[in-house]
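Here's a quick briefing on some side-chain rings and a helix crossing. Have the structure open while you read, and look for each spot as it comes up.

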Amino acid sequence: MAEPAQVDARTRTGAGTPPSTVRRRPKNRKAQIAAVAAEAFSERGYHGVSVDEIATAVGISGPALYRHFPNKYALFRHAVNELTDALESALADLDAGSGEDPDDELDRRLLAVIRTTIENRRTGGLYRWERRYLSGEDRAQIREKMAAINRRLGHSIARLRPDLTDADYVLLGTAVLSIIGSITTHRAPLSNRRLQQLLLGASRAVVAVPLAPAEHEHEPTPRAQGLAVSNKREVLLHEAVLLFDARGYHEVSIEEIGAASGINASGVYRHFPSKAELLAAAFHRAADRLAMIVGTALSESSTPAEAVDALTDVYVRVAFEHSELMSVYFAEIGNLPAHHRSDLRNIQRLNIEDWAGLVGELRTELSPVECRFLVHAALNLVLDVGNVMHFRATESNRLRVRQMMRAVLLGTAV
């Protein structure tokens, strides 16, 4: 038997420490860091997350994190690439032979994208809203990956609808990816099985849309230019929205907003006490426009079907005329001051509920939650498809987007 002194010495030196208490670095540490970072970036934005916060969430120190990623940007770039690589891989594994039934091929590819997006739902919004923070080369690489994904879907669509043009396939592929990706913009719960069915049905309805003939134009249609606005507050708000949309809220300074408006920084503060309050004013402006859309559509309609038609008509017109404002409205809510954020989330939720209520009256087979998912999908595709169209406000473009919205909401190609 060992003497007491010997036992104490061994305990102090750690010689008797059981092997199970020895800490070893997990082999998947880099993947753990990447997963935590992707979720944090998706939830709070690139600028809203620090490396130390990510490290703490993983249970390591900041210097330990840097052994895997040299800086926060490298983490961000890795997270965005992980998402697009997962989609590319899911589709590449399903490349079909020429003898496969076209309907089966499209369904398999759509379900591959849907399942991958559901698996990455908590991080899937990262590319959509944070891609502006990628460098030019990295952004081009991500765009090429997304274009390749779109081409694979377009190939399947072309087998079903050989009468369309290459541009049409890109448009429909964009709409489908937008419908599926819309689940990353909100947190409404729905079982995976039902969610897959719902997204597949909405995607197939859009693929079947009898697209209105495209107007062939060599140059983008310029927006109508009205009289110059002399109200300095309105000028500031307009220029701020353009800058926020182009570069992201955190990349724009008060001085830049003032310079774009022809006003010095101190003059800006006479109208808005902070950049955050300027962003809040933009949000309230967008919320007011959306509330007006719903109010007008409901007051001028006698049936739910008429109201849905009126809503889609007016919404598409406003989205094309004020695309930068609508983009900022859906992208930058996380950067609002807390009291504004809470109020505006409630306003957004009520707006969705108004749309979903009408859809529910027309599609009684759906639950209220399922109707909300479809509304999110329909609104989402307006900005994504509109962006591919460069928001050229031709009658053909607006009609095509309205057709897609109604197909999602009503479940049939109209």
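Let's start with one ring that is tucked away: Phe283 is buried, with a relative accessible area of 0%. Keep in mind that this is a predicted model. Phe283 belongs to one of the aromatic pairs, and the structure holds eight of those.

**The Phe283 and Tyr329 pair**

- The ring centres of Phe283 and Tyr329 lie 5.3 Å apart, and their planes are at 45°.
- Why is this pair called tilted? Planes under 30 degrees apart would count as stacked and over 60 as edge-to-face, so anything else is tilted, and the angle here is 45°.
- The two partners come from distant parts of the chain, 46 residues apart. Phe283 sits in helix α14 (residues 275-299), while Tyr329 sits in helix α16 (residues 323-331).
- Is Tyr329 buried or exposed? Tyr329 has 3% relative accessibility, so it counts as buried, given that the cut-off for buried is under 20%.

**The Tyr315 and Trp355 pair**

- Tyr315 and Trp355 make an edge-to-face pair, with 5.8 Å from centre to centre and 85° between the planes.
- Tyr315 is part of helix α15 (residues 304-321) and Trp355 is part of helix α17 (residues 338-362), so this pair ties together parts of the chain 40 residues apart in sequence.
- Tyr315 counts as buried, at 1% relative accessibility.
- Trp355 counts as buried too, at 3% relative accessibility.

**A ring cluster, and charges over rings**

- Which residues do ring pairs link into a cluster? They are Phe41, Tyr46 and Phe76.
- Lys30 lies over the face of Phe69, 5.2 Å from the ring centre.
- Over at Tyr249, the charged end of Lys275 sits above the ring, 4.2 Å from its centre.

**Where α11 crosses α16**

- To describe two packed helices, you give the angle between their axes and the distance between the axes.
- For helix α11 (residues 232-247) and α16, the axes come within 9 Å and cross at roughly 60°.
- That angle makes α11 oblique to α16.
- The crossing of α11 and α16 is left-handed.
- Which residues make the contact? From α11 they are Val241, Leu242, Phe244 and Asp245, and from α16 they are Glu324, Leu325, Ser327 and Val328.
- You've met α16 already: it is the helix that holds Tyr329, the partner of Phe283.

Terms used
Residues are numbered from 1 along each chain as its sequence is written. This is a predicted model: local features need pLDDT of at least 70, side-chain atom pairs count only at pLDDT 80 or more; totals for chains, interfaces and linings use all residues. Side-chain values use heavy atoms; hydrogens and water are left out. Rings of Phe, Tyr and Trp (its six-membered ring) pair if their centres lie within 6.5 Å; planes under 30 degrees apart count as stacked, over 60 as edge-to-face and the rest as tilted. Helices (H or I, at least four residues) and strands (E, at least two) are DSSP runs, numbered from the N terminus. Buried means under 20% relative accessible area, exposed over 50%, partly exposed in between (1.4 Å probe, protein chains only). A charge sits over a ring if NZ of Lys or CZ of Arg is within 6 Å of the ring centre and within 35 degrees of the ring normal. Axes are lines fitted to C-alpha atoms, for helices over the stretch in contact, and angles run from 0 to 180 degrees between N-to-C directions. Angles under 35 degrees count as roughly parallel, over 145 as roughly antiparallel, 65 to 115 as roughly perpendicular and the rest as oblique. A crossing is left-handed if the near helix is turned anticlockwise from the far one by less than a right angle, and right-handed if clockwise. Contact means heavy atoms within 4.5 Å.
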